[in-house]
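Thank you all for coming; I would like to walk you through one structure today. Please have the sequence and the model open in front of you as I go along.

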Amino acid sequence: MSQPLIVSVDAMGGDHGPGIAIEAVDIALKKRPGVNARFLVHGDEAQLKPFLDKVSDRARAAIEIRHTDSVVRMTDKPSEAVRRARGSSMWNAIMAVRDGEASIAVSCGNTGALMAISKVVLRMKKGVHRPAIAASWPTVRGHTVVLDVGANVECGPAQLVEFAIMGEAFHRAVHGSTEPTVGLLNVGQEELKGNDTVREADRLVRAANLDLNYQGFVEGDDISLGRTDVVVTDGFSGNIALKTAEGTAKLVAAWMRESFTSSMLAKLGAAYMNAVGALDLLRDRMDPRKINAGVLLGLNGMVVKSHGGADEVGFATALCTGLDLAPSTFTSEIEKNLARLARTEAAEMEAEPQS
C-alpha cells in the first residue's frame, strides 16, 4: 500500500468548537473514498476524544490526537499571536509541516495569526514578498481561482504579478488544467481603466515574458461566469468579492424557499423537483460551504485556511482541498516564473536614471 497522505489539523480555531474537526475528517474521507490518509489533530484531548465515538471506524483509525494546552484566540492580533503561540494547536499543526511529519496543515482559526505564524515557521518562498490566500470559486465552467481573498489589503504591482504566477500553478495542481488563463481584476477591460497599481502590474507581467496564458484585465462578472481561470486582485477587493458571493448565494436560496412555499401549486412543484433530485443538485451547487477553503500560497509548505464560521461540512471542504493538494509539486513549479520576474525587476532598476 502507498504511503498515506498526512494532514495536520488545528482543531481549536473557529466558532463551533473543536468537535467539528473530528466530524469533518469523517465527511472528508467519505468524499475521498480511495484516498489513503492520516490526520494529526492538534487540540485539547479532553474535548476532542468524546467525538471519536461519533465517527466511522475508518475515520477513528485515521485520526491521531495530539494534545495541546494553549490556543490562538480569534481575537488575538497577529503580532501577539506569534509571541504567544508556541505550543498552541495552530503552531504545532504548522510545525508538523515544517518538520516533514505532514504534507499540509488545515486550520479555521484566526486568519491574521495563521498567516503570521506560517510565515515565521515555514518562511517565504524565494522571490515572494507576501503570501496570498487563494479561493476556488465554482462557476458554470468549473472553478475559477481568485487571489488574494484577504491576506494583503494593499499590494504593489510586483506582488500582484507574484499572485498571478502562484495562482496559475495552483489551478493546474488542484483543478487539472493544462494552460489556465490568467487575468487582473479591474473596473473595465480597456487598458486605460483602473488605478496605477493595476495598470503597472499589467505592464510588468507583459514585460517579464512569463510562461502564463495572460488575458489582460477582467471584470467582476468574469469570476462567476468562469471566463478566466485565475483572477488576480488585492486582498481588499478579493475578500469583498468572496463575501458578496457568499451573501448572494444565501439570498437566492432564501428567495427560492419563499417561492416554493408561496402557494399549494408551488409546493407541489417543489415536491416533484425534490423527488427527482433537482433541488438537491441545486442546493449542492449553491452551498457557500463549497468554497470554504483558502490556500496560503508563497510559503515553503502548504497551509489551508477554512472559514472561522465553518461547520463540519465546510471544514470537510478544506480538508478535501488539503487531500487534493498534498500530493502536488506545484510549489516547486512556480520558481521558473518567479526567477523571470526577478530578472525583469532587476533590469528595470538598473535602467532607471541615477539621480
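**Loops and cores**

Let me begin with aspartate 148, which sits in the loop between β6 (142-147) and α7, and please keep in mind throughout that what we are looking at is a predicted model. The peptide bond that leads from leucine 147 into aspartate 148 is cis, with omega near 5°.

Leucine 147 also takes us to the interior, since the largest nonpolar core has 69 residues, and those with the most contacts inside it are Phe39, Leu147, Val232, Phe315 and Leu319. Helix α7 (residues 157-175) supplies the largest share of this core, with nine residues. If we leave aside its neighbours within four places in sequence, valine 232 is in contact with several residues, including Leu147, Leu160, Phe163 and Ala164. Apart from that core lies another one, of 32 residues, among them Trp91, Ile94, Ala102 and Trp137.

Next, is threonine 321, in helix α13 (residues 312-325), buried or exposed? Threonine 321 counts as buried, because its relative accessibility is 15%, and, neighbours within four places in sequence aside, threonine 321 is in contact with Ala293 and Val295.

Finally, let me turn to two residues with positive phi, neither of them a glycine. Arginine 123, in the loop between α6 (111-122) and β5 (132-139), has phi near 70° and is exposed, with a relative accessible area of 55%. Asparagine 209, in the loop between α8 (196-207) and β8 (213-218), has a phi of about 55° and counts as exposed at 58% relative accessibility.

Technical notes:
Residues numbered from 1 in each chain as written. Predicted model: local features only at pLDDT ≥ 70, side-chain atom pairs only at ≥ 80, totals over all residues. Heavy atoms only, no water. Core = buried A, V, L, I, M, F, W, Y, C linked by side-chain atoms within 4.5 Å. Buried < 20%, exposed > 50% of the residue type's maximum accessible area, 1.4 Å probe, protein only. Helix = DSSP H or I, 4+ residues; strand = E, 2+ residues; numbered from the N terminus. Contact = heavy atoms within 4.5 Å.
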